[in-house]
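Let's take a walk through this one together. Have the sequence and the model open side by side, and we'll go from charged pairs to nonpolar packing.

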Amino acid sequence: MKRAAKDIYQEVLDRTDLALKEFDYDLVKNHVAVPYRMVTTKAAKTFDTAVEVKELFMTFSHAITTLGVDEFRRTAQECSYLDDTTILGHHMSYLIRDGEPMVTPYPSMMTLKLMDGYWKITEAQNAVENDSWPILMPLSPIKDTLGAPGRARRDELFQTILDRITKAFDDDDFDQWERCVALPFSLISSEGIEIYNTVGDLRRDFIKYQRDIETSAITQIVREARSTEMIGRDQMMGVYRTHFLRGHVTALDPWDSAITMRNDNGLWRVTSNTRQHSHLNWSVLSGRPNETIATPIKGDTK
């Protein structure tokens with residue numbers, strides 16, 4: 001029986017928190033992927049080597065010890081499998097000194113990938129406003145979520161964002177797609193992490209994606225919003241389901257993916273996409289005969 005995603009996610013959090021307390025990177029090194037991506041509301045950075053990741057960890061451990069933090073703990077909230085080897089979840093972080101919180105507890109989100117027998121953190125998004133690396137004290141967490149859309153509005157907004165993305169590819173319009181994305185943009189899949197830092201990178205990926213769609217004879221892609229969560233005032237994560245169709249039949253078993261978004265002067269832009277498949281001929285992936293289905297209803301959320 002598959003273990004609950006939340007239990008696995010909490011175990012990784014607990015092991016990381018213990019390693020920070022003990023100042024022992026060896027306790028957690030098997031649970032951190034390389035490259036490793038860290039994101040705040042103001043900045044993003046990818047650490048490409050094990051040495052850089054260890055330095056990031058040890059510097060933060062030193063910082064919280066120096067400032068007299070008695071307790072650094074994180075509690076898992078909503079977590080779910082995107083596929084058998086990918087978990088997306090979010091958690092609350094608490095820093096306590098002398099029984100009192102040093103900073104307002106803040107939400108974060110992590111992506112875990114099962115690699116080499118270990119669940120590893122590939123990306124962490126934190127609702128803090130720090131823009132330098134490594135993140136040091138004092139942390140500047142988002143103080144509240146006032147002004148953030150409620151769940152019903154959020155789900156509706158998320159479907160609108162997905163429809164914008166779909167239309168950009170349907171119209172073969174790169175400029176539309178570029179307006180949907182905030183650089184740097186990260187794609188996390190079973191093939192690893194790809195980072196797109198420039199418009200040129202993004203354009204090459206767009207062309208490749210369109211070519212793969214044509215090669216696989218895909219005639220329609222439908223993306224359904226499934227759930228959303230706020231990560232601070234101006235960041236949102238959403239889980240959606242993708243349907244690939246050839247005419248009126250499915251070309252591939254539907255699968256769930258997740259994107260993170262940032263509100264950029266009133267326009268929500270995608271900052272990362274975690275999905276099961278990267279670029280490949282999707283036609284060879286279907287494990288069952290094609291099956292006739294009705295076109296999914298856009299906006300169907302849970």
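In which helix do Arg204 and Asp201 both lie, and how many residues apart are they? Keep in mind as you look that this is a predicted model. The pair belongs to helix 5 (residues 199-215), with three residues, or about one turn of the helix, between the two positions. Their side chains form a salt bridge, with the closest N and O atoms 2.6 Å apart. Arg204 has a relative accessibility of 55%, so it counts as exposed, the cut-off being over 50%.

That bridge has company: a search of the whole structure turns up 12 salt bridges. Another of them joins the side chains of Arg3 and Glu11, at 2.7 Å from N to O. Here Arg3 is partly exposed, at 41% relative accessibility, and Glu11 is partly exposed too, at 46%.

Now for a pair in another setting. Arg37 forms a salt bridge with Glu123, and their closest N and O atoms are 3.1 Å apart. This one links distant parts of the chain, since Arg37 sits in strand 1 (residues 32-39) and Glu123 in strand 7 (residues 118-126), 86 residues apart. Are these two partners buried or exposed? Arg37 has a relative accessible area of 3%, so it is buried, the limit being under 20%. Glu123 comes out at 2% and therefore counts as buried as well.

On to the nonpolar packing. The largest nonpolar core has 33 residues, and the members that touch the most others are Tyr9, Tyr36, Phe72 and Leu112. Who supplies this core? At least two residues each come from helix 1, strand 1, helix 2 (50-66), strand 3 (71-83), strand 4 (86-97), strand 6 (106-115) and strand 7. Helix 1 gives the largest share, seven residues.

Zoom in on Leu112 for a moment. Leaving aside neighbours within four places in sequence, Leu112 is in contact with Ile8, Tyr9 and Val12, with Thr85, Thr86 and Ile87, and with Trp119, Lys120 and Ile121. Apart from the core that Leu112 belongs to lies another one, of 32 residues, including Trp177, Cys180, Leu187 and Met261.

Finally, head back to helix 1, which spans residues 5-22 and includes Glu22. With a relative accessible area of 47%, Glu22 is partly exposed. Follow the chain 39 residues along from Glu22 and you reach Ser61, yet the C-alpha atoms of the two are separated by 8.6 Å.

Conventions
Residues are numbered from 1 along each chain as its sequence is written. This is a predicted model: local features need pLDDT of at least 70, side-chain atom pairs count only at pLDDT 80 or more; totals for chains, interfaces and linings use all residues. Side-chain values use heavy atoms; hydrogens and water are left out. Helices (H or I, at least four residues) and strands (E, at least two) are DSSP runs, numbered from the N terminus. Buried means under 20% relative accessible area, exposed over 50%, partly exposed in between (1.4 Å probe, protein chains only). A salt bridge is a side-chain nitrogen of Lys or Arg within 4 Å of a carboxyl oxygen of Asp or Glu. A nonpolar core is a set of buried Ala, Val, Leu, Ile, Met, Phe, Trp, Tyr and Cys residues joined through side-chain atoms within 4.5 Å. Contact means heavy atoms within 4.5 Å.
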